Amino acid sequence: MTTSTKGTAKIPAVLVLEDGRTFRGRAYGAVGETFGEAVFSTGMTGYQETLTDPSYHRQVVIMTAPHVGNTGVNDEDPESARIWVSGYVVRDPARVPSNWRSRRSLDEELRRQGVVGISGIDTRALTRHLRERGAMRVGIFSGNALPDAGTMLAEVRQAPEMKGANLSAEVATKEPYVVPAIGAKKFTVAAVDLGIKGMTPHRMAERGIEVHVLPATATAEDVYAVNPDGVFFSNGPGDPATADHPVSVMREVLSRKTPLFGICFGNQILGRALGFGTYKLKYGHRGINQPVQDRTTGKVEVTAHNHGFAVDAPLDKVSDTPFGRAEVSHVCLNDDVVEGLQLLDQPAFSVQYHPEAAAGPHDAAYLFDRFVSLMEGQRA
Amino acid sequence: MPKRTDIQSVLVIGSGPIVIGQAAEFDYSGTQACRVLKSEGLRVVLVNSNPATIMTDPEIADATYVEPITPEFVEKIIAKERPDALLPTLGGQTALNTAISLHEAGTLDKYGVELIGANVEAIHKGEDRDLFKEVVEAVNAKIGHGESARSVICHSMDDVLKGVDELGGYPVVVRPSFTMGGAGSGFAHDEEELRRIAGQGLTLSPTTEVLLEESILGWKEYELELMRDKHDNVVVVCSIENFDPMGVHTGDSITVAPAMTLTDREYQILRDIGIAVIREVGVDTGGCNIQFAVNPEDGRVIVIEMNPRVSRSSALASKATGFPIAKIAARLAVGYTLDEIPNDITEQTPASFEPTLDYVVVKVPRFAFEKFPAADASLTTTMKSVGEAMAIGRNFTEALQKALRSLEKKGSQFAFTGEPGGKAELLELAQVPTDGRINTVMQAIRAGATPQEVFDATKIDPWFVDQLFLVKEIADEIAAVDKLGPDILADAKRHGFSDAQIADIRGLREDVVREVRHALGVRPVYKTVDTCAAEFAARTPYFYSSYDEETEVAPREKPAVIILGSGPNRIGQGIEFDYSCVHASFALSDAGYETVMVNCNPETVSTDYDTSDRLYFEPLTLEDVLEIVHAETQAGPVAGVVVQLGGQTPLGLAQALKDNGVPIVGTSPEAIDLAEERGAFGRVLTEAGLPAPKYGTAFSFDEAKTIAAEIGYPVMVRPSYVLGGRGMEIVYDEPSLAGYLERHAGLIDRHPVLIDRFLDDAIEIDVDALYDGHELYLGGVMEHIEEAGIHSGDSACALPPITLGGFDIKRLRASTEAIAKGVGVRGLINIQFAMAGDILYVLEANPRASRTVPFTSKATAVPLAKAAARISLGATISELRAEGMLPRTGDGGTLPLDAPISVKEAVMPWSRFRDIHGRGVDTVLGPEMRSTGEVMGIDSVFGTAYAKSQSGAYGALPTKGRAFVSVANRDKRSMIFPARELVAHGFELLATSGTAEVLRRNGIKTTVVRKQSEGQGPNGEKTIVQLIHDGEVDLIVNTPYGTGGRLDGYDIRTASVARGIPCLTTVQALAAAVQGIDAMSRGDVGVRSLQEHARHLTAAREE
């Protein structure tokens, strides 16, 4: 144990928002420049999972928890093979990691993967700014020779916006692969990867499901080629309004009445497939403390969220859709945002949040059981 | 599902007197709960024997019983009030135990009272070690995580040696079965120790059985605070990580929120276990707290224990997160679910979520070992701290350093100058957890210790160790820079360095550093505790400082009054001062001011964000207060700062604040100084023609020697400028005087030592009064039961005085007025008098709220602290009389003849402390205050009120049985009548030979018992100490024999503490107790609420 990582600690860095607000701090992780959509995450644990969640692709993540990196980086907790965030903003990075599973420091890992970050800024002021003004584009610039303010702002404003972005294909697997069932295999599920997190197929595998993870470009034929008992649509980055291809695949699945489960982006796709619209939230839900009510039981679960878009469906009535009656099954108690949909006449449901957790509480793990019982019901 | 409609009235049980382990946090919780229940339209009946609480203010509940919290008295209250339900989870262990007794005795069934917020089975499952072990096993079977510490039961040394292998080696804990108070248990680090401890244990155990348990010393320790509603919704309100690893009671540990060194995977495992435990135990609604130990080598989790109720930790968690656990627990108990309760802070979102923090909270304990020099000061699993300070910062170093300076104790802040000492010795010292170990670690780091060495010595997590290195590196940079520029100052401040620390490192004055810092524009901003890391807008101005960019203090228009609180609880400065601050806040808010509270004590009502318009959770140092005044001045007009209600802490800042241009309201700092400085105060007395005992002030032994000789021994010696009689002693001769000065060199380095004539056999009198510059309002006159020479905080007293006549009151009034006027008081003043023979001496005057203000206010039904706050801001006594805040006519000196008698009794922490040999510490009262809390007994006659005070403090006085009497020679005369009374009540008297002789000569039948020094008799006659230990004595009267003989009674008094037998150490207390026993044996002890007493008193006043 040594007091290491003074590496980039004294190199200046600047964070510039597209509305011109600027924060000055010190470089963290890789030195250079990066752009993305500025979003804040309120989780106090789970930075490794957050960094490797493909849904954060093209986003610069601001951690509201001040101390980040305390438990270092291990080889078990990542949710995918790489870090996806385009930039990382923390207040007080750890100088030494402390955990029996830690392999290296977070600072090293960020540098190794070329992730540009900034530390030592007033992250709370930045969070409040985004809360009041909404998510927006941002740039982080670090190094000993920084461009002038005007140049930096212009560069931020040239970066692409999240609205209208079609990103699934950029993060999803290129080749199909199989996650075998743990123990006796009971079901086969085709999982369309729109940016899937590693924990999701794991949660299914734990329940005796063999998961065939398919690329985002998979067609209905590809899906049915694995002879699935159920079909799953994953989480992922980007604007659901652009996801025309997965929407059409989902419609095919719905018309065949195959048991269907969607998470996050998958929920928005179900919404669209049913004919609902989607919209961008002012600053999104990103954290692991969000109260969601299961409207069928009235129970409240504390859940992990990471979504900037939401489905626009009526909360107070059952809707008629091309696939029969549908209703909002889950709602966020903080702001009444739609957090889940279910069809009443056929086996399909989805949630906007993350029952697989990682990071986050396990309160909603029952949804995987619900998916299993839909498949059992179909078989019976 | 909204509130239950079948409950119309609820009985809430408080926690009684402040004791170590059960302190002001239960006033905070209980007050919140009572307010919530009342706002729900329920009739709230409250019982709490502690008058210094906000919860026992008459407006908090509908019927407030300041009565002993015993099953007998609570049953009387139930019979009278017939509540529908009993809420037992908010008054600590006291309330829980009382509720269980009432349940088991069938009282609750008899009166149809439903237990809400907890069921008996759940309480047993949570509290019984064996049942809880089963709970943990059941949880493990369900979710595959969590276990209890592994153990094996052994009946022979062979079993023991095999057991160690089964447990995986040394160290192991040895616990002999069925021994009293865990006698004979200990840690064995090797076979030799094991053979010794276990061998002894097998002998000690009546069943020749010892339990060997794996040692989890040095593991990481965590706590979770959970809440559950009747729909089985569960949330984790807060995670807490202990800086000190396993082995130190969590109340004595430095603790941090949120947990700092857990990955999400590990945290979620703790969360899953916590939720499974609360379900398995069956806490239907409300909060609970669960403690975990985590092995730093492999993450193995052991569930240590749970508290199925609101606790000290839940109060801390509430303050740390802004999530008011007690308030919500009360709502859940009457039928609401979490999602139906709004989050107070955001107002928009529900309480069914888990707070997330964008700051770090550090709590540090405050100890009082200096008051108990004989006690073993190492920290163990028995809690020994008397208070705590909490600080909030944007990172750990900032929060830690703020917390350490909040302790207001010399040496509590890290020091970076001077010789640190030898590395090896420091590291060795750091191995044993003690008060201030963290400072030892810092010195070890300065002395060159490596992080690994620090970890090896202390097992403090490497991340925390690195944070200490970070602090030290910043200190090095501060020392190394050419001059204090903005960068280094900002860096230092971001890591919590105070101006004073920076000044010390740079060899400058504190105010110079501050000037430089201000000139460079390095000032704090204030952030909000909002439960949600800024995800939603906060509506509650609950602030902490940080050296960040953006402040969240909103502008305001109303003039603000800033009230400085009293900081961490300590002996001599406790909850009573918080009480006065809270009252000031309420009164000034009603009078149209915006109230701003500053305090750093998480246990208190003052640091509830509901109490004042704005709350600054900040240290009470000059620097921190000046910055708050600055921030509030930027926000709007500031009418002034109130310093006279929070005890010595704010008082000590008064002059410096004024010198920095801060408006101080009420009594001026100069007047405060006048009363503190003996020379000036002496002139005030002389001018008013008032006698004071002969005294002098000395800076050296030579001066002291001369003065003492002039006054004549015995003399009372003490340092000036202290509270609670710190360092005060009665000195009988010159060598003792020399010894005293040597021992207290640290206390008298800046201020002189005061030497007073000691008034033997005088009656001590306390007066609380208000003065507005023209008129005096005598708040109350308290007559001490113990003689002068025992600290007023440790002495029982009665109000109205029981032996003083109208002429005495008149003299007291005149003297009080003369002093208040001479000093220049605007607000409260407390004066201690001593009546010796017929002369009324002035002992001392304190121009501030005293410890007795809450007691006086309750006994006379007049809110003195509120009135004082108003007077500070310019109101006159006649205006307050007209408003109705003070009675229209008369005052506390003119109480009607049939006014109730209130008795205050002090509660001592003896049972908490042991010396290094494991023996109890002596219980004799003296001029240095050592009580932690107090109770009040109120009734129409003195005897009953006194009996109630004893029941509330120590358990009921016996009405029959055996009384042991052993008194000093000077007390032998005054003992005869009360002793005769005891016999008349059917007591058998026991006495040692000397006392027995006197009693027998006076015709009082007495049995002679053997002294401890005489040992067991030839026919196995037990000594008195053995008799006490064997439970054969019901009442003990033992007055100490001056200096030389003091040790004789030591064994008797410590035995009485160990067995919980009432022990009277003054003959005056015996006389009072006899009156109490008389009242109790007549069996006419009733209960009456404060509201009824007040109605009675008001009616009598109007006549």
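Helices here are DSSP runs of H or I with at least four residues, numbered from the N terminus. With that settled, I looked up Arg129(B), and it sits in helix α6, residues 129-143 of chain B. Note to self: this is a predicted model.

Next I checked whether Arg129(B) is buried or exposed. I get 8 other C-beta atoms within 10 Å, and the cut-off for exposed is 12 or fewer, so Arg129(B) counts as exposed.

Why did I pick Arg129(B)? The UniProt annotation "binding site", from an unreviewed entry, covers Arg129(B). I went through the rest of that record too: among the residues it covers are Arg175(B), Gly181(B), Gly182(B), Glu214(B), Gly247(B), Val248(B) and His249(B).

I took Val248(B) from that list as a second look-up. Val248(B) lies in the loop between β11 (234-242) and β12 (255-257) of chain B. I count 24 other C-beta atoms within 10 Å of Val248(B); buried takes 20 or more, so Val248(B) is buried. Leaving out residues up to four places away in sequence, I find Val248(B) touching Ser253(B), Leu379(B) and Pro433(B).

Then on to the chain contact. I find 50 residues from chain B and 43 residues from chain A taking part. Which helix of chain B gives the most to the side that touches chain A? That is α9(B), with 6 residues. I also noted that α9 (264-281), α15 (451-458) and α16 (462-480) of chain B each supply at least two residues there.

Last, I sorted the side of chain B that touches chain A by class, and got 21 nonpolar, 11 polar and 18 charged residues.

Conventions: Residues are numbered from 1 along each chain as its sequence is written. Chains are lettered from A and ligands numbered from 1 in the order in which they are written. This is a predicted model: local features need pLDDT of at least 70, side-chain atom pairs count only at pLDDT 80 or more; totals for chains, interfaces and linings use all residues. Two residues are in contact if their C-beta atoms, placed from the backbone, lie within 7 Å. Ala, Val, Leu, Ile, Met, Phe, Trp, Tyr, Cys and Pro count as nonpolar, Asp, Glu, Lys and Arg as charged, and the others, Gly among them, as polar. UniProt positions are given in the numbering used here, feature names are shortened, and annotations may be inferred rather than shown by experiment.
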